[in-house]
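Take a walk through this structure, one stop at a time. Keep the view open as you read.

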Amino acid sequence: MADHDVLVVGAGLAGMRAAIAAHRAGANVAMMSKVHPVRSHSNAAQGGINAAMRGAEDSIDSHVYDTVKGSDYLGDQDAIEFMCAEAPQEIINLEHMGVIFNRDEEGRLGTRAFGGASYARTFFVADITGQAILHVMYEQILKAGVRSYEEWFVTDLIVEDGECRGVVAIEMLTGKLHQVTAKAVVLASGGVGRAFEPSTNALICTGDGIALAYRAGATLLDMEMVQYHPTTLAGNGILLSEAARGEGAYLLNSKGERFMDGYAPNMRELASRDVVSRAEATEIEEGRGVDGCVFLDVRHLGAEAIRTKLKYIYEAALDYAGIDMITEPVPIRPGQHYIMGGVKTDPQTRTWDPDGAWKGPRGLFAAGEVACVSVHGGNRLGANSLLETVVFGKVAGEMASAHAKEQPDTPVSGAHLADAEARIQALFGRPDNGERTAKLRLDMGNAMNEHLAVFRNEEGMRSALGTVHGLQERYEELPVVHKGGVYNTDLIFHLELGYMLECAETICEGGLLRKESRGAHYRRDMTERDDTAWLKHTTANVGEDGRPVMGSLPVTVTKWEPQKRVY
Ligand SMILES: Cc1cc2nc3c(=O)[nH]c(=O)nc-3n(C[C@H](O)[C@H](O)[C@H](O)COP(=O)(O)OP(=O)(O)OC[C@H]3O[C@@H](n4cnc5c(N)ncnc54)[C@H](O)[C@@H]3O)c2cc1C
């Protein structure tokens, strides 16, 4: 008998929302995470979550349009319409669970302005929105008695007869491998920011689920679309949330000019992230930066607002850069932040297409940053990601429960566990050739950050792909020096590097395939958007030789025809 009806891999916002929904749908659901659940990267989300719910002042259509435009018309409009329509109810659901959102003077749920939005529709909890929601959801998980496999690391998805039936995972406390079976699996394992160095992402954002699904036959979509956030702290890449610009912060160059006037005269600092990041990179390149940075200036907001509404950012600048934002501007620059691409799903979060337009294992669902529905297309709007995690997390939990109900209880072969055990023993048996995981990881991160950042071209992307291929060869010989069972992080980092290299390869291949500039993918050698040839998604499937086989899928357009994108 299967251990569970539904197994959710990941305990960030998408995973917890899926587990709560599956539990409410009556499924025997379990959640698995390689870190303690509230250490998931969702915990770091600061700025907020979008929804159009200010009555006549705002509208769902306006939220949809902003998201479509933000995506540079690459987002699938049916999925975007669904997400924006579900948003108001989801905010209320979160409030009912116990999330204490900030309120305005009239006692209504408070909003702040965010980039690319034509109306202030971002709901927030100071600048700790992700933490506030994640902790409340974890309480709900505990209250419901959902089984939570904490600090378990997934090494394989079990697929038999084209159907996903569970996972193989390492119990990190002991090092023991287990097979955990389920009639449906929800992947909610987050993004792959750490394939880039530096990144705003936690060190655990290593694309495990993206690579696991890809290896198991799923289709990856638009992997070339990588977001660089405009305001990351000089030196270490820590995020200073868009909340700062939402509250009215200026971006200044070395001459003290608000340079966004020249790039986005209407929205200025609140243009979409790809536009602002390119503007900053241009200022820096043309000599109007200081030490590779421009400045974020909040002084005019006053000490009170800075200390209350931007408390975390204020402390981060003080602790990590020694700068008091009340009296000084902070040096910032664009830094890797988010991946728009991921495992292809339909709006019902299925990774397979019943009609066969794309491939993926049945019974495998995906939601959150690991997935590409696609609601963000070429560029995600700030505060739309938290929204995606809860809206599609809920759908995934419900859909997986319904799928599980229809499945017979098929016994699963023990071969998957034996294979994984043999693979890990073989890793332990590798001779120490002096190579180290950290070194390979850094080389990958630097190459990706050099060639797949804000500006790209053919030569650079080819060079990064060459670096990734070289690292993959070295990875085949890379030893695991520490052989112990208890919390063997040497082994975990090794496996994570393998996942990241596979993701990095598809990011480079996607970039090389897409012969235009769109959203975050800006090619200096092909600067125009080409709707005739490229109003489509890129796809990657693993080939027989282990290399990606690239292809494409059409974009779903409902009523918003592509227009020139100006802010
Ligand atoms: C600093 C920062 C600030 C942000 N601020 C905002 C914001 O204000 N608004 C917004 O909309 N978006 C924001 N984002 C983006 C948003 O937070 C993320 O996209 C979103 O939280 C991802 O949620 P998730 O549930 O998909 O994944 P995550 O929260 O990343 O969770 C992934 C889960 O998968 C588990 N996992 C991964 N691999 C394995 C494995 N091999 N085995 C077992 N478990 C595994 C992890 O343990 C974890 O529990 C921010 C991102 C960052 C980095």
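Ala 132 is buried, because its relative accessible area is 18% and buried means under 20%. Its place is in helix α4, which covers residues 129–144. Set aside the neighbours within four places in sequence, and Ala 132 is in contact with Val 99 and Val 125. Ile 100 is 32 residues from Ala 132 in sequence, and their C-alpha atoms are 7.6 Å apart in space. Note that this is a predicted model.

Move next to Glu 283, in helix α7 (residues 273–285). Is this residue buried or exposed? Glu 283 counts as buried, because its relative accessibility is 3%. Beyond the neighbours within four places in sequence, Glu 283 is in contact with Asn 253, Phe 259, Tyr 263, Arg 288, Gly 289 and Val 294. Val 186 is another matter. Its C-alpha atom is separated by 43 Å from that of Glu 283, and their positions lie 97 residues apart along the chain.

Now look at how helices pack. Two packed helices are described by the angle between their axes and the distance between the axes. Start with helix α1 (residues 13–24) and helix α3 (residues 77–97). Their axes are 14 Å apart, and the angle is about 80 degrees. So α1 is roughly perpendicular to α3. From α1, the residues Arg 17, Ile 20 and Arg 24 make the contact; from α3, Glu 90, Asn 93 and Met 97 do.

Helix α3 has a second partner here, helix α10 (residues 384–406). The two axes come within 9 Å and cross at roughly 90 degrees. Therefore α3 is roughly perpendicular to α10. On the α3 side, the residues that meet α10 include Phe 82, Met 83, Ala 87 and Leu 94. On the α10 side, Leu 387, Val 391, Phe 392 and Val 395 are among them. Glu 90 and Asn 93 of α3 meet α10 as well, and both also take part in the contact with α1.

Charged side chains come next. Side chains of opposite charge can pair when their charged atoms come close. How many salt bridges does the model hold? The count comes to 47. Arg 108 is a good place to begin. Its side chain meets that of Asp 104 in a salt bridge, at 3.6 Å from N to O. Arg 108 also forms a salt bridge with Glu 106, where the closest N and O atoms are 3.7 Å apart. How open are these three residues? Asp 104 is partly exposed, because its relative accessible area is 24%. Arg 108 is partly exposed too, at 32%. Glu 106 counts as exposed, because its relative accessibility is 65%.

Another salt bridge joins Arg 215 and Glu 502, at 2.6 Å from N to O. This pair links distant parts of the chain, 287 residues apart. Arg 215 sits in helix α5 (residues 208–215), and Glu 502 in helix α14 (residues 489–513). Arg 215 is partly exposed, with a relative accessible area of 40%. Glu 502 is buried, because its value is 14%. Salt bridges also link residues into a network, with Asp 72, Asp 222, Arg 278, Arg 514 and Asp 531 among its members.

The surface has a nonpolar patch as well. Leu 173, Val 486 and Tyr 487 form it, with about 280 Å² of accessible area together. Leu 173 is in the loop between β8 (163–171) and β9 (176–187). Leu 173 counts as partly exposed, because its relative accessibility is 48%.

Finish with the backbone. A cis peptide bond joins Glu 197 and Pro 198, with omega about 0 degrees. Pro 198 is in the loop between β9 and α5. Val 373 and Ser 374 are also joined by a cis peptide bond, with omega about 10 degrees. Ser 374 is in the loop between β17 (371–372) and α10.

Two residues other than glycine have a positive phi. Tyr 73 has phi near 70 degrees, and for Asp 161 the value is about 50 degrees. Which of them is buried, and which exposed? Tyr 73 counts as buried, because its relative accessibility is 1%. Asp 161 counts as exposed, because its value is 68%. Both lie in loops: Tyr 73 between α2 (60–70) and α3, Asp 161 between β7 (152–160) and β8.

Technical notes: Residues are numbered from 1 along each chain as its sequence is written. Side-chain values use heavy atoms; hydrogens and water are left out. Patches are made of residues with over 30% relative accessible area and no salt bridge: like charges are joined within 9 Å, nonpolar side chains (Val, Leu, Ile, Met, Phe, Trp, Tyr) within 5 Å. Accessible areas come from the Shrake-Rupley method with a 1.4 Å probe; for residues, only the protein chains shown count as cover. A salt bridge is a side-chain nitrogen of Lys or Arg within 4 Å of a carboxyl oxygen of Asp or Glu. Helices (H or I, at least four residues) and strands (E, at least two) are DSSP runs, numbered from the N terminus. Buried means under 20% relative accessible area, exposed over 50%, partly exposed in between (1.4 Å probe, protein chains only). Axes are lines fitted to C-alpha atoms, for helices over the stretch in contact, and angles run from 0 to 180 degrees between N-to-C directions. Angles under 35 degrees count as roughly parallel, over 145 as roughly antiparallel, 65 to 115 as roughly perpendicular and the rest as oblique. Contact means heavy atoms within 4.5 Å.
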